[in-house]
Every structure is written in structure tokens, then in C-alpha cells.
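User: Please take me through the reasoning behind the terms used for this model. I should like each term set against its criterion.

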Protein chains: 2
Amino acid sequence: MKDVISYIDQHRQRFVDELIEWVKIPAISSDPERAPDMARNAEHLAESLRGLGADRVEVWPTAGHPAVFAEWLHAPGAPTLLVYGHHDVQPVDPLDEWVTPPFEPAIRDGRLWGRGVVDDKGQVYIHVKAIEAFIKTRKRLPINLKLIVEGEEEIGSEHLDALMREKSADLRADFVCVSDTAMFGRNIPSLCVGLRGLAYLEVRVDGPKNDLHSGSFGGGLLNPVNALAAMIAKLHDENGRVTVPGFYDRVHELTASERAEIKSLPFDEPEWLASTGSPAIHGEKGYSTLERVWARPTLDCNGIVGGFHGVGAKTIIPARAMAKISCRLVPHQEPEEIARLVGEHLKKIAPPGVRVTVEYLHGGRPYLAPTDHPVFEVAKRAFTKAFGQPTVFIREGGSIPFVRTIADATGKPCLLMGFGQPDENAHAPNEWLDLENYQLGIKSAAYLYEELLSVR
Amino acid sequence: MKDVISYIDQHRQRFVDELIEWVKIPAISSDPERAPDMARNAEHLAESLRGLGADRVEVWPTAGHPAVFAEWLHAPGAPTLLVYGHHDVQPVDPLDEWVTPPFEPAIRDGRLWGRGVVDDKGQVYIHVKAIEAFIKTRKRLPINLKLIVEGEEEIGSEHLDALMREKSADLRADFVCVSDTAMFGRNIPSLCVGLRGLAYLEVRVDGPKNDLHSGSFGGGLLNPVNALAAMIAKLHDENGRVTVPGFYDRVHELTASERAEIKSLPFDEPEWLASTGSPAIHGEKGYSTLERVWARPTLDCNGIVGGFHGVGAKTIIPARAMAKISCRLVPHQEPEEIARLVGEHLKKIAPPGVRVTVEYLHGGRPYLAPTDHPVFEVAKRAFTKAFGQPTVFIREGGSIPFVRTIADATGKPCLLMGFGQPDENAHAPNEWLDLENYQLGIKSAAYLYEELLSVR
């Protein structure tokens, strides 16, 4: 691999410069007025892929923003890797908190600052530049490779399922690699092997037909806010476990080796806590913080509202109260089932003085990588070669519904090989990319392509 | 009393017409732009009192809206009655729900419709017209009478205490009569002998320093909304009793005769429930609905807010949550003490994963009339003479802080002789006054003045 690695080192500055040019395009998918920028953004990526020896480079239209597809199928008999990324970026508000403008990328402290530098344009370019390194040094890739870069990840990938069905033949592969996550910490190459799912509900509690005077009626009727509070309180026991019957039925306990692996990570709990501003650690009894946020299901109120909440006092019995309640799910839990169980339980514990309605808003399925598949050891080896540090398995408490979708659709292992950092401000002002990580990422991708040859 | 009663009958239509003229003045005390109307409103009342043989008719300025004062002290040796009312009215929103405009009073179905017709302009005019009936028929009142009509009742009577201190000599009296409440029902003359007090708190629960991603952090930190809900849930036990230590320490149990009197009232519970729209009766075990809303203390959430509560879903651990919590108090409970007990208890039950702050917003003391004082039998007799129906003692679950203030300041019994109806829309669109009640109210006041001569 000396030739390829050496090429990557020689072109380090140009790889950064070219990323900067792409980041300048304000590809905010949520802003309808940016549709022309989204098209330009996709075309810019396609153009940067042309001349890299691909069999096809195509911009695929969707009912929303376009996706970009390319494929290199010059390695008969070798496995095929499907790489996923996205070319759209988050909005930039609040704009006045940016040190330098989001679409005028700047380099400071060894970092590139700008919207999309790491989420996900930088990570897409890691693959583009690894491909270039092979093509320019060897005229071909060691494996077959397909690249799909969608334009709607930041707005829920609304049209991705339809596109994947339409293009299912084009997207066929042996392995999938998603580069859209973060490393556990600086210089700790990390493969994410688990994602939590989600079941999101809205609960409404109705009492009187309108707000009533709390003097004239207080004490004679059940107050919907008090009732909702009591119902929410009943959803956890004193050990922080969710009390909904059946909630844990499909949850697999962490194995001793999974727990040992999590425990071995250099997790600085006091620093983590300080970064949140909360006064104390809290969670399900019998589990560590990383276990709680990675591998245990939760039930949280994402919001609540009812009655008067302005400045001062208003003496009413509110007519209604509402809470948003969502559960983070772990492997084997199903969003629809959990939503049903929680909804049924809420109705069961609803007191007779109020009417309770529950609406299932949306969900996403959890993902657990089949880490006993040999491709994970291969990916670890590739990652470790690039960074000179052992690669760890981590999980992510959030959800990337696409991962589960593509894993189910292809039936193939999905490698979550991310090059971000935990504090990279991916969805906040001052998003940054560590330029050393960018360079090591390109090498990691190159090593991965090379090493995948050994997996059959 | 034939002369006086006959005069009231003869002038029935004019009494209504004159009230209509006064109601036309939009005396909304909460609207700073209405200050000139408030001044005009006070002057209109003062003018209607001039020519009724008063020793003094004065408009008393305050730091806010003016009050009107008049006195008739032509009955040496007779007791002195202080009558309290207010000339300001509630706001009129939502304006489009009014059948006829709030300040263009209209007569329909034997009712006068308009803002302030019963709260409290109509009830003030009941006394004005009773006074007129005596003056025009006998040139004098049977007792000494002082009338104070303030202009800030609907905005918390902010400057009334200062005015009462400043004018304490002018306001000295043997009995107080407040006409600003409702009768128990149509044709049921009612003396209100108890008012609940109030202690109003704001509770804030802080967790992380900003909203956190519920995927990355959910399960590892205490969620402030969940925490607040659990705290609120702990404030009641399974019998609907408030669990705050010391909460009931000063509460006197209802006596057997008080309970019997309440039970004797023609209370239609299904109708009351239907009027609220709630699906079921609810409250403290061991008490009837009227006992619960009149004579038992409560703890209610008047409002709650935290996290995301818009349309759709947002997956956050909210940084904070807030609830407005108020207690209705019964005689012998003190607002400051209850606020302290509830606040201390909330802090005591606050879990370590959040920071809890409690602010006491305001309070009002409860009132219990000294019904063993002979003036109550006299008032009952007067009321019964006018209506031809037995007068009942009732209570009111709400608070009129002024009543307790004047009762304490004067040390004299306070008669709450109200002529409204329970569904009069006093603070809502389409406020109305039963014109038959208006007429009988004038007679009731006249009988009261006459009968008070017998109390020494």
C-alpha cells in the first residue's frame, strides 16, 4: 500500500482545498429556496467523481433533492462494497454564533470550520479521495465499489426508501459502509456497531371542556396536568426501570464480553457530566452510563405543556395537558410494538376523571451489527493501520434509520466507520473537521478497500 | 316598608335604563389606554349619587384608578354600614363571541347583557337605587351608610390597602356589606359566609444546561420533565389528600351542622359535572363535591411547560421544566406558611439529578364569617323578605382578598350579599344580569338597611 498511502500524503493540501470548494455550496436541504443549490451541490460531487475511472457517475433525481451514484466494477471475483453518505447539510441558525461564516470555510487550529465539513461532506470526500488514490496510482480499485450519496439525510431521508427500491439492482453489494458517525475520542478509531431505535408518542389528557376557575372548581374535578404528571411518574419505578408491561421482553441483556468492551473504553464520566451541565448522573440501576445511553432502552418526556405558563399567575384548572413521550429502543425491540405497549399502559393507568388519547408519531428501528462476521475484524485492522491505534467497537444512542433499512434490504453487514469527533458541532454553529483525522480517514478508507479482498 | 318597596316597583324601568347608561362606559381597568374611561366611569357614579342627600360624595384618587366614596350619617344612634363594590370591569376578549357588543347593553330574555352588568356595576347600582328609594320617600336612610366603590378589583386591588389605611377614619363602620358574589341558584337568596384563600407558587426544575439530544444522552441523565412530573405526582396520596407535611394542621374539620347545611342545598351534581365537561367527579375522599370546593384546601397545577411541545416530534432531553402550583386555602390556613411548607417539601422530594427552585408569587387569606353574630340572622331575614324564599348560607371556593382585609381591618362582620347567578359569565363573553334579580336585589338592600336597626 506504499504507493497509495504515499499519494494520499503528497496530495494532502489539495484534498483539503477541494473539500473547501464543495463546502462553499450552501446545501441546506430543509430550505426550499436552496433547491438550486442542492442540484448544484450534487452536480459538483458528480463532477469531482468524473475522471476517476468510474463505470457510471449519475445524478439520480428523486421527488425531493437528487442523490449521486457512482460505481467501479473492475474487480471481477472481488467483493462489492456499497458506501453511503449524504451531501446535504444542517441549517446554520443561529448565524451570529459562527466565528467565521458557515459557507466560507476557514482553517484554524488544525481544523476546517464550516457547515457540512464533517457532516457529511468531509466524510464523503474521504472515500472520494481514497478512490482517487487507487485510480491515480493503480488505475483500478482492489474491490468493486458503489457510492450512493443522498441529498435528504438532514430532513429524514424521505425519498430514500423509494429510491432504494427503484435502484435495488444497482445498489446490490456484499458489504455496506456508512461514514456519518463520530469516533469515541481523538485518535481512537471506532467502529459503531449499535444504534438505538425510536418510538415517539404524543399523549393528550382532557378534563373540563375549557379552563375553569380554580377557586370555583378546584378540588371537585381531576386536574389534567396533575393527572398527566401522575401518569408520567408511574412510567418508571424506583430503580429507573420502565414499568410498561412487556417493555423489556425483547431486550437482550448485554453479554459479559460486551460489557467488558464498553468498560475498557476511556470514558471520562465527570467530564461527560460537566459537559451536560446536569448536577448528577442518573439512570437505570445496575448499568454504567455508557451502557445506559448505548444499550438500554429509555422512556423520556421530550416536552410537556398544559394550562397557564406565562409570567405571573392565573388561577385555572386547565382543560387539557399534552406530553411528547419517546422511547429509545435497543436491538430486538420494535417501534410499533413498544408504541402500542406504552399507549395501552397509559390508557390503563389513566384515572377516570380525564380522557386520554395517544398518537404514535413515528419510529425507527434499532441496529446491532453482526460483529461475529469476519468483515468487522477486517475493518478494525484497516482502521488500526491508518491510525496506529487499536480500533474499538462503540455504539451510538441515537438513531440512523437508514442503517437498519439498508441492512435489512441487503441482508449484508453494515460498517459504521465514522471520522467525526464527539464535540464537532455537527448540528450547531461552528462545525469543524479535524484535518489530521481527514487525512487518516482517507488512509483508513484505502486500507479498508484493500483489506476487504481477504473477506469471502 | 310599603313606601320604599312601592317606589322601587314604580321606578323599575328607569333603574334599568340608568344602569345601561353606566355600563356603556368601557371601564376596563387592566387596559392602560382606558384610564380616561376609568376616570369618567368614577365621575359618572359620583354624579348619580349626588342629589341623593349624601353628606359627602367624593372621587378619591389613588396611585392607580380612582375610587368613589359617599356617606349618609343622618341616623344618630343607629349602626353604620359600609358597602363595598367596584366600578371597573373585566376585559372583553374574545370579542367575536359576544352576541351583542359588550359596551352596548341589550335586553334579551329578561336579562341585561353587557360587560360589567353584574360584575359589579349592577350590584353597585342595587345599593345606589335602594338608597334613592329611601331618600326619595323618607328623605333619610334608616341607618348610617358609607359606600366605597373601588376601580381596581379586576386587577388585584393593588392600591386599596393604602387607600384604606389613608381613609381608615372615613371607613369606620359596624358592619360591612360586599355585593360582588353570586346566589346559589335562581331565586335562592344566598349569604356567602366562607371564601377560600390562595397560595401561588412557581416551581422550576433545571437539568442540563441546554436541551440535549435524547439519543446521545437519553437514559444517562435525569429528565427535568420526568422529574417534575414525579414530584407533582407525589403531592397527592391515593385518597386525593395533599401529602405536604403540616398542610392540614390548621384546617378545622367541618362541623356536623355545617355539613348538614351544605347537604341541604339543592345541588344538582350531574348538572354541575355536565357544565364542566369533565368525565367524572374527583376529589378528596370522604367529602362531597360542595365540601371539596368550598371548605377543603386543594393543590392544583395551574400550568406546566417544558421541552418541545409544538407540532410533530423533537427528540430532546429538555434543559428545564416549570409548573405553576397553587393551593386554595380554607379558614385558619395562612398563605405564607402553606407556600413555605409546599416549597420545602418540593425541595425535599427533588431528586439529585435536577436543581429545583421555588418562588412564591402571591397569596390571599381565606375568610370565614362569624355566623353566630346576630347580624347574619338579620341579613337572612331581609333577603328572605325581598325574595319570598328562605335565605341559605353558602361558601365560595374562590378568593376575594379584600373581604379578609376589611374584616381584619375593621374587626366587624362582613356580609357577602351577592345577586349574581352561577352561570352569569362574569369573566367571559356575554355577561348577563337577571333583571328580576336586579329588582329583588334593590329590595333586599332596602330591607337590609331597615332591618339593621334592630342589631345593636
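Analyst: This is a predicted model. A single residue pair offers a starting point: Val205(B) stands opposite Val356(B) in strand 14 of chain B.

User: What makes strand 9 and strand 14 of chain B a pair?

Analyst: Two strands pair if DSSP finds at least two bridges between them. Strand 9 (residues 197-206) of chain B and strand 14 of chain B are joined by nine bridges. The criterion is therefore met, and the two strands run antiparallel.

User: Which strands form the open sheet, and in what order?

Analyst: The sheet has eight strands in the order 14(A)-9(A)-13(A)-11(A)-11(B)-13(B)-9(B)-14(B), with antiparallel pairing. From one strand to the next, the twist averages 15°.

User: Why are strand 14 of chain A and strand 14 of chain B called edge strands?

Analyst: Strand 14 (355-364) of chain A and strand 14 (355-364) of chain B each pair on one side only.

User: Why are helix 1 and helix 14 of chain A described as they are with respect to direction?

Analyst: Helix 1 (residues 2-10) and helix 14 (residues 435-452) of chain A pack at an angle of about 160°, and their axes are 10 Å apart. Angles over 145 degrees count as roughly antiparallel, and these two helices of chain A are therefore given that description. Their crossing is right-handed.

User: Which residues bring helix 1 and helix 14 of chain A together?

Analyst: Val4(A), Ile5(A) and Ile8(A) of helix 1 meet Ile442(A), Lys443(A) and Ala446(A) of helix 14. By class, this contact of helix 1 of chain A with helix 14 of chain A has five nonpolar, no polar and one charged residues.

User: Why are helix 12 and helix 14 of chain B called oblique?

Analyst: The axes of helix 12 (residues 374-387) and helix 14 (residues 435-451) of chain B come within 8 Å and cross at roughly 140°. Roughly antiparallel requires an angle over 145 degrees, and roughly perpendicular covers 65 to 115. The crossing angle fits neither class, so the helices are oblique to each other. The crossing is right-handed. Among the residues in contact are Phe383(B) and Phe387(B) of helix 12 and Tyr447(B) and Leu448(B) of helix 14. By class, the contact has nine nonpolar, one polar and four charged residues.

User: How is chain A divided into domains, and how many residues does each contribute to the contact?

Analyst: Domain 1 of chain A takes in 2-195 + 366-452, and domain 2 takes in 197-251 + 297-362. Their C-alpha centres lie 40 Å apart. Five residues from domain 1 and seven residues from domain 2 make the contact.

Key:
Residues numbered from 1 in each chain as written. Chains lettered and ligands numbered in written order. Predicted model: local features only at pLDDT ≥ 70, side-chain atom pairs only at ≥ 80, totals over all residues. Domains from an automatic or database assignment. Contact = placed C-beta atoms within 7 Å. Helix = DSSP H or I, 4+ residues; strand = E, 2+ residues; numbered from the N terminus. Axes fitted to C-alpha atoms, helices over the stretch in contact; angles between N-to-C directions. Parallel < 35°, antiparallel > 145°, perpendicular 65-115°, else oblique. Left-handed = near helix turned anticlockwise from the far one by under 90°. Nonpolar A, V, L, I, M, F, W, Y, C, P; charged D, E, K, R; others polar.
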